[in-house]
Amino acid sequence: MPAEPALSRLDILESEALHLIREVAAEFDRPTLLFSGGKDSAVLLRLAEKAFWPAPIPFPVLHVDTGHNFDEVLEFRDRRAAELGVRLVVASVQDSIDAGRVVEQEGRGASRNRAQTVTLLDAIGEHRFDALFGGARRDEERARAKERMLSFRDAFGQWDPRNQRPELWNLYNGLISPGENVRAFPLSNWTERDIWTYIDQDGVELPGLYFAHRRKVFERDGMYLADNPFVHRDPDEPLVEKSVRFRTIGDMTCTGAVPSTAATVAEVIAEIAATKVTERGQTRADDRASAASMEDRKREGYF
């Protein structure tokens with residue numbers, strides 16, 4: 001009898017992710033997938049599509065819209081949701097600000113990232129979501145490295161590392177009380193290079209921001225921020241036009257670009273193989289502000 005072909009690393013990671021997605025869909029009543037239009041959520045959406053093919057994805061996708069997103073990402077988000085015929089739920093941070101639910105930061109370095117927490121928790125309550133798929137990976141930074149693949153959140157949406165369930169092999173405990181929810185992270189064991197290799201292998205479409213393009217940027221705190229109406233430049237922050245791309249995409253107020261000429265997926269893979277700085281450490285001002293910033297936001301209920 002011929003030997004079965006050995007599974008590649010990506011085959012194993014994909015199988016693990018598909019199993020978790022199907023398990024959550026079976027165990028929970030009202031799951032949703034956090035879809036921002038970024039590369040990790042684009043891969044997660046492709047995995048959800050594969051998990052139930054040829055049936056449609058049996059849950060909606062949710063985007064917490066800060067109002068400071070790149071137009072290219074919003075266009076991609078809307079188009080992909082329409083192509084898959086999946087219901088898109090948009091929770092607006094601006095609506096939360098207008099309703100007095102949150103207070104917007106002001107001044108240099110102001111961002112709406114932390115304001116997303118209230119908007120997300122309100123959306124969870126309104127739609128009674130009990131499980132949320134996220135694209136977090138353990139290689140991104142230390143707080144995410146502590147996560148289980150199925151991460152428990154209490155009735156206030158808070159994460160407590162001492163109150164997480166053991167995960168033996170591929171057995172997941174999804175038992176929760178009313179008002180509680182879990183975050184499911186099918187990409188936990190993937191790396192940035194795994195993500196890009198999968199994008200290459202599976203032909204996953206991404207917004208053009210992930211590839212080298214000419215853009216007006218200015219330098220702040222060692223990062224290149226895109227010229228945009230939500231960030232006011234200081235007199236010593238002149239605009240320059242450079243060939244850049246984005247390794248990770250969030251708010252325009254805090255997502256930095258990197259100088260790059262990588263215009264194809266293969267060139268991006270070669271570029272990240274040579275870098276020694278994590279994507280969030282190199283390009284996210286909100287995570288640079290404090291080594292514990294991500295940990296704080298998880299305890300508050302966002303991630």
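**Aromatic pairs in a predicted model**

At 1% relative accessibility, F35 falls under the 20% limit and therefore counts as buried, and this value, like every other one here, comes from a predicted model. F76 also has a relative accessibility of 1%, so F76 is counted as buried too.

These two residues lead into the aromatic contacts of the structure, which holds seven aromatic pairs. In one of them, the ring centres of F35 and F76 lie 6.4 Å apart and the ring planes meet at 45°, which means that the pair is classed as tilted. Because F35 sits in the loop between strand 1 (31-34) and helix 2 (39-52), while F76 belongs to helix 3 (residues 71-84), the pair ties together parts that are 41 residues apart in sequence.

A further pair is made by F59 and F133, whose ring centres are 5.2 Å apart and whose planes stand at 35°, so this pair is tilted as well. F59 is found in the loop between helix 2 and strand 2 (61-65), and F133 in strand 4 (residues 131-133), so the pair ties together parts that are 74 residues apart in sequence. Both F59 and F133 are buried, and together with F52 they form one aromatic cluster.

For the wider setting, one can turn to the record: an unreviewed UniProt entry places the feature "domain: Phosphoadenosine phosphosulphate reductase" at residues 31-256. Over residues 31-256, helix makes up 27% of the chain and strand 19%, and the C-alpha atoms at the two ends are 32 Å apart.

Notes
Residues numbered from 1 in each chain as written. Predicted model: local features only at pLDDT ≥ 70, side-chain atom pairs only at ≥ 80, totals over all residues. Heavy atoms only, no water. Phe/Tyr/Trp six-rings, centres within 6.5 Å; stacked < 30°, edge-to-face > 60°. Helix = DSSP H or I, 4+ residues; strand = E, 2+ residues; numbered from the N terminus. Buried < 20%, exposed > 50% of the residue type's maximum accessible area, 1.4 Å probe, protein only. UniProt positions renumbered as here; feature names shortened; annotations may be inferred.
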